[in-house]
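Here are a few short exercises to work through with the model open beside you. Try each task before reading its solution.

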Amino acid sequence: MAERELDQLRAFLATYDKIEQRKLAWYKLSKNDPNFEPSEAEFLVEYKPDQPVTVKDIAMWKAEEYKASLENKKQPELMEEIHQRFKKEPQRYPYWLQYMVVHFSGMRYASAHGSWADPKDLIIRLGAADLQKKIKALDDAAVDALCKEKIAAYEAGTGSNIPKLASAPEKEWKDKAALHMLSVKANGPKTRRAGISALLMEEANYDVRSLTTEEALTKIEAMKDTFPKWAWKEIIKLTPLRIKYVTDPNWEKLTVEEEAARNSQEASDIRTVMDAWENYDTSAWRDEHGRTHELIVSRAVCNETAEHCQHIRGHLPPGGLTPKPKGYFNNETENKLTGEPRPFYTKPVSEKEDVPGASILWLRFVDKEPECLADRHSRKDKIWHGFTSRYIFKSKCIACTEKRQGTCLGNNSVGLSAGRYCYPYPHI
């Protein structure tokens with residue numbers, strides 16, 4: 001049975017090889033003339049080539065045919081094509097490359113800063129004011145009883161309501177709890193009140209920080225009806241809830257009415273919380289992605305997509321463009337990172353520097369000496385080999401060439417300096 005099917009397949013391939021040149025000729029003629037006659041079937045029967053069809057001609061035809069087959073497909077269909085290619089050749093397409101293609105296809109080219117804010121931080125800020133009011137309402141006797149309860153929970157592990165923080169395994173959180181407990185055990189009532197207040201806040205923080213992203217988002221969703229419309233819109237904009245709730249093309253911009261509501265006197269309390277949450281750390285996405293590998297931004301530029309890529313490969317490079325050269329050079333000289341190839345930072349002169357995962361930093365020529373130029377001599381002559389002050393300060397035509405290259409290969413660009421840097425390659 002299998003042999004018969006193989007014979008049929010071989011016969012089909014042999015027949016296809018015979019008519020492939022004819023199909024290519026008809027394709028070229030019909031493409032140049034929409035009214036070309038005869039039909040493809042008639043042409044295949046009567047075809048007589050003027051000159052032999054080359055392998056290059058066939059390759060071009062197949063490429064054009066494949067391109068035409070993709071033109072009417074929408075993004076989900078195109079992504080499925082890519083997914084099938086990844087499944088077919090997983091060794092050719094490492095995980096970090098698959099991640100980049102899937103998550104950054106179609107993403108807007110703009111700074112990732114300010115496109116994400118930590119949903120856990122929002123929960124903490126929303127609960128902080130209520131918790132402070134409850135603590136402030138306690139009299140000295142209640143504070144004293146609460147302090148005794150915490151001492152039993154943290155030092156003896158006894159009690160009916162032992163907080164999660166009391167058994168936290170992380171050193172950072174252990175140290176915070178121990179510091180607050182010093183005040184909780186103090187003799188002065190004011191010190192004890194301040195200590196119990198700080199400890200309760202830390203317990204609340206730890207409970208929220210222990211949540212997964214999904215759990216945190218579920219908590220926020222449960223509070224949806226308590227938010228003004230404008231606040232909910234901003235929450236959607238800055239968290240992964242955008243995937244579920246965005247339906248308006250103007251989802252990132254408040255309407256005139258929403259702006260007025262946001263700036264009203266009645267919205268003062270929630271506006272203060274929202275402003276503090278949104279502006280606390282606009283680059284917090286970098287550490288969060290490095291830790292979780294969750295796609296949380298809604299836009300990114302060249303060096304930021306490259307940083308995402310390095311995170312997936314197990315590395316945490318310095319953020320932004322300015323610190324990159326020095327940070328990369330230090331990794332090469334300190335030689336502490338594990339994996340192969342070894343870290344290197346160099347001006348590329350041969351193909352051996354073109355290793356998978358390498359970050360390309362483009363050289364930009366300027367009119368005045370940049371700050372980073374002052375320590376160029378500490379970074380080995382190989383980086384600056386062939387570049388003199390004449391080129392650095394006067395050669396504008398070279399600058400244009402380099403900038404065109406940088407634009408063309410923007411997804412790989414992680415800076416505007418000379419050289420190429422490679423991390424070791426333990427994660428693929």
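**Exercise 1.** Decide whether Arg 313 is buried or exposed, then place this residue in the fold.

*Solution.* Step one: Arg 313 has a relative accessible area of 0%, so this residue is buried (buried means under 20% relative accessible area, exposed over 50%, partly exposed in between, with a 1.4 Å probe and protein chains only). Step two: Arg 313 sits in the loop between α16 (302-312) and α17 (324-334); helices here are DSSP runs of H or I with at least four residues, strands are runs of E with at least two, and both are numbered from the N terminus. Step three: the side chains of Arg 313 and Gln 310 share a polar contact of 2.8 Å (a pair of N or O atoms within 3.5 Å, where one must be able to donate a hydrogen and the other to accept it, and where residues adjacent in sequence count only if both atoms are side-chain atoms).

A word on the source: this is a predicted model, in which local features need pLDDT of at least 70 and side-chain atom pairs count only at pLDDT 80 or more, while totals for chains, interfaces and linings use all residues. Residues are numbered from 1 along each chain as its sequence is written, and side-chain values use heavy atoms, with hydrogens and water left out.

**Exercise 2.** Work out how α15 and α16 are oriented relative to each other.

*Solution.* Begin with the geometry: α15 (residues 285-292) packs on α16 at an angle of about 30°, and their axes are 8 Å apart (axes are lines fitted to C-alpha atoms over the stretch in contact, with angles from 0 to 180 degrees between N-to-C directions). The two helices are therefore roughly parallel, a label for angles under 35 degrees. Next, find the partners: α15 contributes Trp 285, Arg 286, His 289 and Gly 290, and α16 contributes Glu 304, Glu 307, His 308, His 311 and Ile 312 (contact means heavy atoms within 4.5 Å).

**Exercise 3.** Which loop holds His 293, and which holds Asn 335?

*Solution.* His 293 lies between α15 and β2 (299-300), and Asn 335 between α17 and β3 (344-346). Now check the backbone: His 293 has a positive phi of about 65° although it is not a glycine, and Asn 335 has a positive phi of about 55°, again without being a glycine. For context, most residues other than glycine have a negative phi. Finally, look at accessibility: His 293 is at 30%, so it counts as partly exposed, and Asn 335, at 43%, also counts as partly exposed.

Methods. Angles under 35 degrees count as roughly parallel, over 145 as roughly antiparallel, 65 to 115 as roughly perpendicular and the rest as oblique.
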